[in-house]
Amino acid sequence: MKSILLLPLCFLLCMNITHAQTPQFSLKVSNIKSLATLRIAFYKKENSFPDQNKFEFGKEVKPSKTGEVLLTWNDIPVGEYALAIYQDSNGNKKLDTNLVGYPKEPFGFSQNIKPKFSAPNFAECKIVFNNQNNTFFIKLID
């Protein structure tokens with residue numbers, strides 16, 4: 001009798017575990033001109049975006065081809081983010097800039113914001129990642 005009562009409970013617990021899984025995060029990056037490493041920073045806070053050293057977490061990917069690649073991860077928590085990406089052409093693990101601070105390496109932001117006179121802010125680049133909204137696009141600026 002006890003095993004009959006436990007069966008529905010186990011079923012409900014399994015259903016909750018299935019629904020609690022994080023959705024797959026997909027990022028399509030285009031305008032890739034070389035096979036140099038892509039560095040993607042995920043920011044959660046307005047006051048730290050886009051500081052190179054204050055992101056929530058980051059990803060590094062060596063693209064397999066030029067043009068366009070689709071990157072996917074299963075370990076990104078749902079939430080609001082602003083993304084900054086650059087292609088580390090010289091492998092020094094930092095975004096190189098010219099005298100006025102404009103990047104010398106290909107770069108981009110979520111929402112495909114193209115900065116004019118200064119870096120964009122968090123609100124301009126914010127994306128919402130959840131079960132229904134899980135694919136994003138960034139075109140590198142070179």
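Which residues does L83 touch, not counting residues up to four places away in sequence? The list runs to F25, L27, I40, A41, F42, F49, G108, F109, S110, C125, I127 and I138. Bear in mind that this is a predicted model. L83 is a handy way in, since several of its contacts turn up again below.

**Nonpolar cores**

- The largest nonpolar core has 20 residues, and L83 is one of those touching the most other members, along with F25, L27, V29, L38, I40 and W73.
- Two or more residues of this core come from each of β1, β2, β4, β5 (79–87), β7 (126–129) and β8 (135–139).
- Strand β1 makes the largest contribution to this core, with four residues.
- There's also a second, separate core of twelve residues, and Y43, F49, F109 and I141 are among them.
- Two of those, F49 and F109, are also on the contact list of L83.
- As general background, nonpolar side chains in soluble globular proteins tend to be buried together.

**Aromatics**

- Searching the whole structure turns up 14 aromatic pairs.
- One of them joins F25 and W73 in a tilted arrangement, with 6.1 Å between the centres and 40° between the planes.
- This pair ties together distant parts of the chain: F25 belongs to strand β1 (residues 25–32) and W73 to strand β4 (residues 67–73), 48 residues apart.
- F25 and W73 are both buried.
- The two also belong to one aromatic cluster, made up of F25, F42, F57, W73, Y81, F129 and F136.
- Y81, a member of that cluster, has company from a lysine too: the charged end of K44 sits over the Y81 ring, 4.7 Å from its centre.

**Backbone oddities**

- For context, most peptide bonds are trans, and most residues other than glycine have a negative phi.
- The F49 to P50 peptide bond is cis, with omega near -10°.
- P50 itself is in the loop between β2 (38–43) and β3 (57–61).
- N31 has a positive phi, near 65°, despite not being a glycine, and its place is in strand β1.
- N112 also has a positive phi, here near 50°, and again the residue is not glycine.
- You'll find N112 in the loop between β6 (107–109) and α2 (122–125).
- N112 has a relative accessible area of 33%, so it counts as partly exposed.

**A buried loop threonine**

- T37 is in the loop between β1 and β2.
- Despite that loop address, T37 is classed as buried because its relative accessible area is 19%, and the cut-off is under 20%.
- Leaving out residues up to four places away in sequence, T37 touches E60, V61, K62, P63, Y86, Q87 and D88.

**The largest pocket**

- The largest pocket holds about 620 Å³ of space.
- Its lining takes in 30 residues, with P50, Q52, A84, L95 and F109 lying nearest the centre.
- P50 is thus part of this lining as well as of the cis bond from F49.
- F109 likewise plays two parts, as a lining residue of the pocket and as a member of the second core.
- β2, β3, β5 and β6 are the elements giving two or more residues to the lining.
- β2 supplies the largest share of the lining, four residues.

How values were computed. Residues numbered from 1 in each chain as written. Predicted model: local features only at pLDDT ≥ 70, side-chain atom pairs only at ≥ 80, totals over all residues. Heavy atoms only, no water. Phe/Tyr/Trp six-rings, centres within 6.5 Å; stacked < 30°, edge-to-face > 60°. Buried < 20%, exposed > 50% of the residue type's maximum accessible area, 1.4 Å probe, protein only. Lys NZ or Arg CZ within 6 Å of the ring centre and 35° of its normal. Core = buried A, V, L, I, M, F, W, Y, C linked by side-chain atoms within 4.5 Å. Contact = heavy atoms within 4.5 Å. 1 Å grid on protein atoms, 1.4 Å probe; cavity = no way out; pocket = protein on both sides within 12 Å on 5 of 7 lines; lining within 4 Å. Points joined across faces, edges and corners; volume = space filled by probe spheres on them.
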